[in-house]
Amino acid sequence: QKEISIFKGKQTQKIFFTMSGRTSKKKEKLKQENGEDVHIPKIVAFDLDACSWDTEMYMLTGPPFKYVEKQRHVLDCAGDVVKMFDDTHDVLHEINTHDKWENTEIAFVSRTYYPEYANECLNMLPVGDNGHTMASVASHFEIYPGCKIDHFKAIHRRTSIPFEDMVFFDNEFRNIRDVSRLGVVCVHTPEGFRRHYLQKAMEMFQESKQSK
């Protein structure tokens, strides 16, 4: 388990996420068939509300939450639905299992005032069919109100990973604007995360590395 500090009201509380047992990282780069180096980000970060899943935590009524296996979504006490976007699921699964991403860690970065709701959903929503959840495939959880510059600075302090080795997806342009100032490769996802945004991020990431 991994202990994470989150903001709740005027207090900070600790929550726990079950972490995955991924193998240790070995490679720094992946070789294309043409022999050119492909630069792979070390952090891939996702916003949650209306980006990774289809709702906002503030719109929910609250616990108890339950997972509905047939629909692969979470219901709150009033029957409100939290469902991961299909492409979010597929990309999280790919990053967690594909050798290409073996040096990459997943982060969830959210400014919600309801981190305890997000925690419940992250621990319930499955990724793949081998028992993983959104929580277990991720390594970093910055889920509390405030400017997301602070969220990314916290990841940087904890890991020493340069901002230039991170990519970030968010549906709110103000967060894209703020975080990009740090040097993070940021992609705006106004309709929620879609796979083509990952392709765009990788293109931008290659260009940022080649320009240095």
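**Notebook: sheet, rings and Ser136**

I noted that Phe169 stands opposite Val187 in S12. The model is predicted, so I recorded that local features need pLDDT of at least 70 and side-chain atom pairs count only at pLDDT 80 or more, while totals for chains, interfaces and linings use all residues. Residues are numbered from 1 along each chain as its sequence is written, and side-chain values use heavy atoms, with hydrogens and water left out.

*Entry 1: the sheet.* I took helices (H or I, at least four residues) and strands (E, at least two) as DSSP runs, numbered from the N terminus. Two strands pair if DSSP finds at least two bridges between them. I found that S11 and S12 pair in the parallel sense over 4 bridges. They belong to an open sheet of 5 strands in the order S10-S9-S5-S11-S12, with parallel pairing. Strand S10 (140–143) and strand S12 (185–188) stand at the edges with a single partner strand each, so one side of each is left without a neighbour in the sheet.

*Entry 2: helices on the sheet.* I looked up which strands H4 touches. H4 packs on the sheet and touches S5, S9, S10 and S11, where contact means heavy atoms within 4.5 Å. Its direction makes about 150 degrees with that of S10; axes are lines fitted to C-alpha atoms, for helices over the stretch in contact, and angles run from 0 to 180 degrees between N-to-C directions. Helix H5 (residues 173–180) lies across S11 and S12, at about 170 degrees to S12.

*Entry 3: aromatic pairs.* I noted 8 aromatic pairs in the structure. Rings of Phe, Tyr and Trp (its six-membered ring) pair if their centres lie within 6.5 Å; planes under 30 degrees apart count as stacked, over 60 as edge-to-face and the rest as tilted. Phe46 and Phe108 form a tilted pair, 6.3 Å centre to centre with 45 degrees between the planes. Phe46 lies in strand S5 (residues 43–46) and Phe108 in strand S9 (residues 105–110), so the pair ties together parts 62 residues apart in sequence. Both Phe46 and Phe108 are buried, that is, under 20% relative accessible area (exposed is over 50%, partly exposed in between; 1.4 Å probe, protein chains only).

*Entry 4: Ser136.* I located Ser136 in helix H3 (residues 134–137). Ser136 is buried, with a relative accessible area of 5%.
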